[in-house]
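Q: I am new to reading protein structures. Could we go through one together, feature by feature, with the general idea coming before the case at hand?

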Amino acid sequence: MLCQECGNKPATLHFTKIVSGEKTEFHICESCAREKGEMIPGVSGGFSIHSLLSGLIDFDTANKIKSGVGKDIQPLRCEDCGMTYSQFSKAGRFGCSSCYKYFNTRLDPLFKRVHGSTSHVGKVPIRGGAQIQVKRRLQDMKNELQLRIAQEEFEEAATLRDQIRELEKGSIEQ
Amino acid sequence: MPNLRFTEKALSDWMLGNANDSDIAISSRVRVARNLQHIPFPLLATSEQSMEVLDRLSDMEKYDSLKSLGTFYMLPLDDIAPLDRKVLVEKHLISPSLANESEHGAVILSEDESISIMINEEDHLRIQCLYPGFQVREAWEKATVIDDIFEAHIDYAFDDTRGYLTSCPTNVGTGLRASVMMHLPALVMTQQINRILSAVSQVGLTVRGIYGEGSEAVGNIFQISNQITLGQTESEIIDNLHSVVLQIIEHEKNARERLLKESKLRMTDRVRRSYGILSYAEMLDSKEAAQRLSDVRLGMDLGIIEGTSTSVMNELNVMTQPGFLQKTFGEAMNTEERDVYRAKLIREKLSPQQH
Ligand SMILES: [Zn+2]
Ligand SMILES: [Zn+2]
């Protein structure tokens, strides 16, 4: 079966959506899927993202192996719960919160595809959250600093740089 | 036994409240997923670890401040009969996976059934708040208050970069799933529904049938929810859903007006036929029942039909489900018997001169 997007490569990703009992099937090749990465959940509309998920994770690993990146490397494994990356890709579920740490290098592309983003900007637990707030503010200020420099607003940049130093001193002393 | 009370009535008290746009947006729901630090997710947790999670999360003395939100009942799933579990699922008070797969699962329910706190579901803790009509903001505000009550005593699995860590990668970040259940018959009749649903999916939302995951949209009822949980704040997620739902309500209203203007006779005929069939049929399968109920609900909203109410419609949507039918008529039924009892129940509920 040929890819329904480009029409010349074989389709390797298949998914089905059901809306009002009406089934629609999608067949896409890997390169179109990669190109439209973030679009896939959008294209799929009414169908469950869970069903697509393990496909996405697998496809990610397959790419790495094909391009030679994954060769001769110990299989990724969470040292806390023992789950391997390939088990994760089959289950579509993490075994414990440490899996996020041990699989970290592989997660950005997955999150990017599922959420269009890789980092949290929402609510933070009240206890132990103060440091995170400072960190976030620092990051925002550093971004602004880059912007000021790029726009050659050096006076504002200097003030900002001093504020960043102050804040960093404070958070280190804590 | 609180346990019995929760499965006796089809209609939760929270559904009785009046709300804006409740003719099109039937109900709003918010769910927040959280996990405890240093304990594997329920998928891999040992029986002892799941017990520990249950002990720590169900200690009602500790979560004393919940009392300010009403009276709560703690129900371990092991103590609930399979049929009652099924009814709780049909009332959306627990998920199918908590009912069927969970080890040491439990649910903490508020008296009016508007708050349902699931323990040892896919995540250790899932806080769910339900509101009638279109009140997704109110639902989130309540959920975050409950989240804070637990967080005061529990170290959540949280990461600076990834946010709240969840078992499924689709929930990471905010752990927030907000959804609105919508009745969209006019958009279906005018064949605009697919265009609208695909537009909805372009803006990071997803559409499901009434019973979620993989099921069909029964009786023109669709559930619109956020798909993205990472990289947006909770209020961005809620606002996005809010504005899209508002637009869908507008489209549905317009479609209803147009149908009334351009084909009033046809519409009236269709709605009254459905009302007639529901009032007199001896047998009704679940699909036909759902479709006819949708017609009657629409007829009510448009003033074509009188003598019944939205809450009767909401009640019938739950009561005609297999678990509830079995609960009401008290026997194991085959499909044919179920169709007979379903018809009988609807007849009784719709007939005003019933004794
Ligand atoms: Zn292609
Ligand atoms: Zn792990």
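**Reading a loop, a sheet and a helix pair**

A: Let us begin in a loop: H104(B) sits between helix 4 and strand 3 of chain B. Please keep in mind throughout that this is a predicted model.

Q: What is the phi of H104(B), and is H104(B) buried or exposed?

A: The general idea is that most residues other than glycine have a negative phi. H104(B), although it is not a glycine, has a positive phi of about 55°. As for its surroundings, a residue counts as buried when its relative accessible area is under 20%, and H104(B), with 17%, is therefore buried.

Q: Where is H92(B), and what is its phi?

A: H92(B) lies in the loop between helix 3 and helix 4 (96-100) of chain B, and its phi is near 65°, a positive value in a residue other than glycine. Because its relative accessibility is 15%, H92(B) counts as buried. In helix 3 (residues 82-90) of chain B, which H92(B) follows, the buried residues include V87(B), L88(B) and V89(B).

Q: How should I read the order of strands in a sheet, and what is that order in chain B?

A: The order tells you which strands lie side by side, and it need not follow the numbering. In chain B, eight strands form an open sheet in the order 2-3-4-5-1-8-10-9, with antiparallel pairing. Strand 2 (72-76) and strand 9 (205-208) of chain B stand at the edges with a single partner strand each, so one side of each has no neighbour in the sheet. From one strand to the next, the twist averages 20°.

Q: Which helix packs on this sheet, and which strands does that helix touch?

A: Helix 5 (residues 136-151) of chain B packs on the sheet, where it touches strand 1 (25-34), strand 4, strand 5 and strand 8 (176-183) of chain B, and its direction makes about 150° with that of strand 5 of chain B.

Q: How many bridges join strand 4 of chain B to strand 5 of chain B, and how many join strand 3 of chain B to strand 4 of chain B?

A: Five bridges join strand 4 of chain B to strand 5 (residues 125-132) of chain B, and the two run antiparallel; here I115(B) has C129(B) as its bridge partner. Strand 3 (residues 106-110) of chain B pairs with strand 4 of chain B over four bridges, also in the antiparallel sense, and I108(B) is partnered there with I117(B). On the other side of the pairing list, strand 2 of chain B is joined to strand 3 of chain B by five bridges, with L75(B) and V107(B) as bridge partners.

Q: What do the turns next to strand 4 of chain B look like?

A: Strand 3 and strand 4 of chain B form a hairpin with four residues between them, and E113(B) in that turn has a positive phi of about 65°. Strand 4 and strand 5 of chain B form a hairpin with five residues between them, where N120(B) has a positive phi of about 60°.

Q: Which residues of strand 4 of chain B belong to each side?

A: In a regular strand the side chains alternate between the two faces of the sheet. In strand 4 of chain B, I115(B), I117(B) and I119(B) are on one side, S116(B) and M118(B) are on the other, and all of them are buried, so to speak covering both faces.

Q: What surrounds S58(B)?

A: S58(B) is placed in the loop between helix 2 (47-57) and strand 2 of chain B, and it is buried, with a relative accessible area of 14%. Leaving aside residues up to four places away in sequence, S58(B) touches M74(B), I108(B) and I119(B). Its side chain also reaches the backbone oxygen of L54(B) at 2.6 Å.

Q: How are helix 9 and helix 10 of chain B packed?

A: Two packed helices are described by the angle between their axes and the distance between the axes. Helix 9 (residues 264-280) and helix 10 (residues 286-301) of chain B pack at an angle of about 125°, with their axes 8 Å apart, which makes helix 9 oblique to helix 10. Their crossing is left-handed. Among the residues that meet are V271(B) and L278(B) in helix 9 of chain B, and L293(B) and V296(B) in helix 10 of chain B.

Conventions
Residues are numbered from 1 along each chain as its sequence is written. Chains are lettered from A and ligands numbered from 1 in the order in which they are written. This is a predicted model: local features need pLDDT of at least 70, side-chain atom pairs count only at pLDDT 80 or more; totals for chains, interfaces and linings use all residues. Side-chain values use heavy atoms; hydrogens and water are left out. Buried means under 20% relative accessible area, exposed over 50%, partly exposed in between (1.4 Å probe, protein chains only). Two strands pair if DSSP finds at least two bridges between them. Axes are lines fitted to C-alpha atoms, for helices over the stretch in contact, and angles run from 0 to 180 degrees between N-to-C directions. Contact means heavy atoms within 4.5 Å. A polar contact is a pair of N or O atoms within 3.5 Å; within protein, one must be able to donate a hydrogen and the other to accept it, and residues adjacent in sequence count only if both atoms are side-chain atoms. Angles under 35 degrees count as roughly parallel, over 145 as roughly antiparallel, 65 to 115 as roughly perpendicular and the rest as oblique. A crossing is left-handed if the near helix is turned anticlockwise from the far one by less than a right angle, and right-handed if clockwise.
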